[in-house]
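Please work through the following exercises with the sequence and the structure side by side, and try each task before reading its solution.

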Amino acid sequence: MARPSNRRPGYSRRAQYGLFFGYVTAVSGAVVALLLLILSTVDPEGFGAFKGAITDATLPISSAGRAVVGGVSDAGSGIGSYIDAAGKVRRLEREAAANRTRLIEAKALAFENARLKKLLRIGDAEPRPVASGRLVASTGASIRRYAILNAGYVQGVRGGMPVRGPGGLIGRVANAGAVSARVGLVTDGGTVVPVRRVPDGFPAIATGTGDGFIDIRALGAENTSFKRGDVFVTSGIGGVYPPNVPVAIITRTTREGFLALPVADPAKADFALVLPIYQPEVEAQRRALPPPPAQ
């Protein structure tokens with residue numbers, strides 16, 4: 001007959017010994033705890049010395065345990081620092097890539113500026129500015145478009161002088177006060193500028209529409225087809241505006257003509273230069289003069 005599977009502990013000497021030693025350990029622990037309690041009550045100084053001895057005895061273990069904990073903590077910090085350093089390296093790599101992209105874009109813009117300057121035939125021999133100032137305000141009500149420049153006749157500004165920004169023509173001084181001037185913008189409905197297309201020099205007239213655009217009409221020719229992207233600069237015809245100052249770029253065509261945007265957006269220009277009124281006869285005479293003797 002098979003033995004029953006649920007045998008009691010009494011059938012095994014190993015189980016009996018385990019129970020016996022468990023009871024002995026529990027009783028011994030209780031006795032030791034009772035003795036320590038009595039000792040702490042009867043002889044506190046002796047109990048303190050006993051605790052000191054216990055502390056001394058367990059010091060190597062405590063030190064080893066603290067070293068292990070410190071090592072684990074340092075290892076965790078090292079791993080965290082490594083992960084953080086890896087994240088910083090990846091972030092720096094992304095920033096370096098972005099900087100390389102910006103550098104390439106800057107070089108491309110510098111090349112494009114040089115190419116456009118050559119295309120537009122803009123040289124360094126430009127008229128010396130009469131004054132410079134900040135565009136502090138602008139008006140956009142109705143079709144009249146004006147900007148206020150914080151330079152006036154004290155600085156030499158006079159009515160009729162052309163005004164240009166870093167990108168191109170902004171307009172013309174309508175009237176000047178002592179320390180300020182009102183500038184009629186190229187987009188103003190009353191502004192008319194003789195221009196020419198680059199690079200072929202085809203003449204045209206640029207007229208402000210009063211709504212932020214410039215109307216481009218061919219001069220002296222019919223059925224002339226301009227296209228989107230054509231660039232126009234001042235021609236210098238009729239005086240006032242010096243030649244080769246960028247004015248507008250055609251952006252779209254309509255049934256009536258061609259609409260362009262100003263190269264120098266007055267709303268985005270902070271500073272402007274006031275130029276002297278261009279006088280072709282005087283300029284021709286000046287160019288005809290012999291060069292000054294070398295000193």
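**Exercise 1. The salt bridges**

Task: Determine how many salt bridges the structure holds, and find out which residues are joined into one network by salt bridges that share partners.

Solution. The model is a predicted one, and the structure holds 4 salt bridges. Begin with R197 and D200, whose closest N and O atoms are 2.7 Å apart, inside the 4 Å cut-off for a salt bridge. The two partners differ in their surroundings, because R197 is buried at a relative accessible area of 14%, whereas D200 is partly exposed at 47%.

Next, take D230, which also forms a salt bridge with R197, the closest N and O atoms here being 3.3 Å apart. D230 sits in the loop between β8 (214-218) and β9 while R197 sits in strand β6, so this pair ties together parts that are 33 residues apart in sequence. Both D230 and R197 are buried.

Now turn to R217 and D215, whose side chains meet in a salt bridge with an N to O distance of 2.9 Å. R217 counts as partly exposed because its relative accessibility is 40%, and D215 counts as buried because its relative accessible area is 14%. Finally, salt bridges with shared partners connect R197, D200, K227 and D230 into one network.

**Exercise 2. The surroundings of R197**

Task: State where R197 lies, and list which residues R197 touches once those up to four places away in sequence are left out.

Solution. R197 belongs to strand β6, and at 14% relative accessibility R197 falls under the 20% limit, so R197 counts as buried. Leaving out residues up to four places away in sequence, R197 touches F202, S225, F226, D230, V231 and F232. D230 in this list is also a salt-bridge partner of R197.

For a further reference point, consider A218, which lies in strand β8 and is partly exposed, because its relative accessibility is 26%. The C-alpha atoms of A218 and R197 are separated by 9.7 Å, although the two residues are 21 residues apart along the chain.

**Exercise 3. The aromatic rings**

Task: Decide whether the rings of F202 and F226 are edge-to-face or stacked, and say which residues are linked into a cluster by ring pairs.

Solution. The count of aromatic pairs comes to 3. For F202 and F226 the ring centres are 6.0 Å apart and the planes stand at 80 degrees, so the pair is edge-to-face. This pair links distant parts of the chain, since F202 is in the loop between β6 and β7 (203-208) and F226 is in the loop between β8 and β9, 24 residues apart.

The accessibility of each ring-bearing residue can then be compared with the 20% limit for burial. F202, at 24% relative accessibility, counts as partly exposed, whereas F226, at 3%, counts as buried. Ring pairs link F202 and F226 with F232 and F258 into a cluster.

**Exercise 4. Strand pairing around β9**

Task: Establish in which sense β6 and β9 pair, and identify which residue stands opposite V231 in β10.

Solution. Strand β6 (residues 192-198) pairs with strand β9 (residues 231-234) in the antiparallel sense, over 4 bridges. Within this pairing, R196 has V233 of β9 as its bridge partner. Strand β9 is also joined to strand β10 (residues 246-253) by 3 bridges, and these two strands run antiparallel. Here V231 stands opposite I249 in β10.

**Exercise 5. A surface patch and the whole chain**

Task: Find which residues form a nonpolar patch on the surface, and then work out what percentage of the residues in the protein are buried.

Solution. The nonpolar patch consists of V27, V31, L34, L35, L37, I38 and V42, which together have about 680 Å² of accessible area. One of these residues, L34, lies in helix α1 (residues 13-42), and L34 is partly exposed, because its relative accessible area is 48%.

For the protein as a whole, 3 helices and 12 strands are present, and buried residues make up 26% of the 295 residues. About 19900 Å² is exposed, of which carbon and sulfur atoms supply 61%. Among contacts between residues at least 6 apart in sequence, 55% join residues at least 24 apart.

Conventions. Residues numbered from 1 in each chain as written. Predicted model: local features only at pLDDT ≥ 70, side-chain atom pairs only at ≥ 80, totals over all residues. Heavy atoms only, no water. Patch = residues over 30% accessible without salt bridge, like charges linked within 9 Å, V, L, I, M, F, W, Y side chains within 5 Å. Areas by Shrake-Rupley, 256 points an atom, 1.4 Å probe, with all protein chains shown as cover. Buried < 20%, exposed > 50% of the residue type's maximum accessible area, 1.4 Å probe, protein only. Pairing = 2+ DSSP bridges. Contact = heavy atoms within 4.5 Å. Phe/Tyr/Trp six-rings, centres within 6.5 Å; stacked < 30°, edge-to-face > 60°.
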